[in-house]
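Welcome, and thanks for taking a look at this one. Please open the sequence and the model side by side before reading on.

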Amino acid sequence: MTLDANLIGKHRDLPKQGSWPKAIHVFEKDDVYALMAAEAAERPLLIRGEPGTGKSQLARAAAVATGRLFLSVVVNARTECQDLQWQFDAVARLGEAQALAHCPAEEIPARMHPRRFLTPGPLWWVFDWSSAVDQFKECTHPLEKAPQPPEGWQPQQGSVLLIDEIDKADTDLPNGLLETLGNGDFTVPYLGQSVRQSPDCPRPPLVIITTNEERELPAAFLRRCLVRQLRLPETDAELLKLLRARGEVHFGTRCTAAVRQKAGELLLEDRKAASCQGLPAPGQAEYLDLLRAVCKLTSDEAEQQRLLDQIGEFVLKKAPA
């Protein structure tokens, strides 16, 4: 299935996958067109916006809606572009060398071969699934688990790669990523060969990158990306309308409109207080967390109303008092 305008306004159930919980996603019009444009232009889609606006979930929802393989990696300050391509366990190889001190010489080359310590990274999996599978089978010291594709998935169906929170990395990462995606290949020095887009897959991977704006991204990188800015509505009335609609999608049969309204009003109060103090404001994610909590604790409307007052501050207020 391809990305097209038929997804606009559609709800998609997202099953639990690894550390990703079960969820529901609603495709907004601008999100769908941004995804379509990025795929057609064969460029990464950079999604900007405050935390809790659904940036990461959009990538997963795009994969589920189109039956594609979904891979994700969360960037940190130590992440390098190489980590997205391959990982080499030098410590395990050193241990193997020490263990072979008294072994026959003819066994050493096979047991010390770099392939035994080389784990495919997410870019390897989405560029050439078949060679990544072959390499993973040869790796006796994998640093990551192999991804689990959807049932019945074939490489020609394509993939979605989420690179989450790229702003946490040094500028070398986006610059290196730009070169890798632009060339459509990268070199694996331990093997003396390149990994490139497989001819078995007619479409390049859809790469979705998120940023929380903690660090400015290189201008050259931004020029090569399509950018989707996710913003919550600015007016209280519009924001409340959006939150109530999201609450109905996720918990419509488990809490009343009055409960969803009150939860939204509590969030608005805390957003204003956080803004006055120059602190990060709670958003859509916290609103859904609050409703999830009260719905699991009780099904009684009056008790849900009471619990909103009791537990609201634990969900919405994240800054020190």
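The briefing below moves from the whole chain to helix packing, then to single residues and cysteines.

This is a predicted model, and the protein chain has a mean pLDDT of 91. Its secondary structure comes to 13 helices and 11 strands. Of its 321 residues, 45% count as buried.

**Whole chain and confidence**

- A pLDDT of 70 or more is reached by 99% of the residues in the protein chain.
- Strand β7 (residues 159-164) has the highest mean pLDDT among the elements, at 97, while helix α5 (residues 108-111) has the lowest, at 82.
- If you are setting up a box, the C-alpha trace spans about 75 × 45 × 40 Å along its principal axes.
- Among contacts with a separation of 6 or more, 74% join residues 24 or more positions apart.

**Helix packing around α12**

- Which helices cross at roughly 135 degrees with axes that come within 9 Å? They are helix α12 (residues 284-297) and helix α13 (residues 301-316).
- Angles over 145 degrees would count as roughly antiparallel and those from 65 to 115 as roughly perpendicular, so α12 and α13 are oblique to each other.
- The crossing of α12 past α13 is right-handed.
- On the α12 side, this contact is made by Glu-286, Asp-289, Leu-290, Ala-293, Val-294, Cys-295 and Leu-297; α13 contributes Gln-304, Leu-307, Leu-308, Ile-311, Gly-312, Val-315 and Leu-316.
- Helix α11 (residues 257-276) also packs against α12, with axes that come within 10 Å and cross at roughly 135 degrees.
- That angle makes α11 oblique to α12, and their crossing is right-handed.
- From α11, the residues Val-259, Arg-260, Ala-263, Gly-264, Leu-266 and Leu-267 take part, and they meet Glu-286, Tyr-287, Leu-290 and Leu-291 of α12.
- Helix α10 (residues 236-251) is another partner of α12: their axes come within 10 Å and cross at roughly 45 degrees.
- Angles under 35 degrees count as roughly parallel, so at roughly 45 degrees the α10 and α12 pair is oblique.
- The crossing of α10 and α12 is right-handed.
- For α10, the contact residues are Leu-242, Leu-243, Arg-244, Arg-246, Gly-247, His-250 and Phe-251; for α12 they are Gln-284, Tyr-287, Leu-288, Leu-291, Arg-292 and Cys-295.
- A few α12 residues recur in these lists: Glu-286 and Leu-290 appear in the contact with α13 and in the contact with α11, and Cys-295 appears in the contact with α13 and in the contact with α10.

**Buried residues and their neighbours**

- Leu-35 sits in helix α1 (residues 29-41) and counts as buried because its relative accessibility is 0%, where the cut-off is under 20%.
- Beyond four places in sequence, Leu-35 is in contact with Leu-3, Phe-27, Leu-45, Leu-58, Ala-62, Leu-206 and Ile-208.
- Leu-35 and Ile-47 are 12 residues apart in sequence, and their C-alpha atoms are 10 Å apart in space.
- Helix α4 (residues 90-99) holds Glu-96, which counts as buried at 10% relative accessibility.
- What does Glu-96 contact, leaving aside neighbours within four places in sequence? Its partners are Arg-111, Met-112, Arg-116, Phe-117 and His-141.
- Thr-180 belongs to helix α8 (residues 172-183) and is buried, with a relative accessible area of 5%.
- Not counting residues up to four places away in sequence, Thr-180 touches Cys-81, Gln-85, Leu-123, Phe-127, Asp-185 and Phe-186.

**Cysteines**

- How many disulfides does the structure hold? The number is zero.
- Cys-81 is in no disulfide, and the nearest cysteine sulfur, that of Cys-225, is 13 Å away.
- Cys-225 is likewise in no disulfide, with the sulfur of Cys-81 as its nearest cysteine sulfur.
- A disulfide needs a pair of cysteine sulfur atoms within 2.5 Å, so 13 Å leaves Cys-81 and Cys-225 unpaired.
- Cys-81 is buried, with a relative accessible area of 10%, and Cys-225 counts as buried at 9%.

How values were computed:
Residues are numbered from 1 along each chain as its sequence is written. This is a predicted model: local features need pLDDT of at least 70, side-chain atom pairs count only at pLDDT 80 or more; totals for chains, interfaces and linings use all residues. Side-chain values use heavy atoms; hydrogens and water are left out. Buried means under 20% relative accessible area, exposed over 50%, partly exposed in between (1.4 Å probe, protein chains only). pLDDT is the predictor's confidence in each residue, from 0 to 100. Helices (H or I, at least four residues) and strands (E, at least two) are DSSP runs, numbered from the N terminus. Axes are lines fitted to C-alpha atoms, for helices over the stretch in contact, and angles run from 0 to 180 degrees between N-to-C directions. A crossing is left-handed if the near helix is turned anticlockwise from the far one by less than a right angle, and right-handed if clockwise. Contact means heavy atoms within 4.5 Å.
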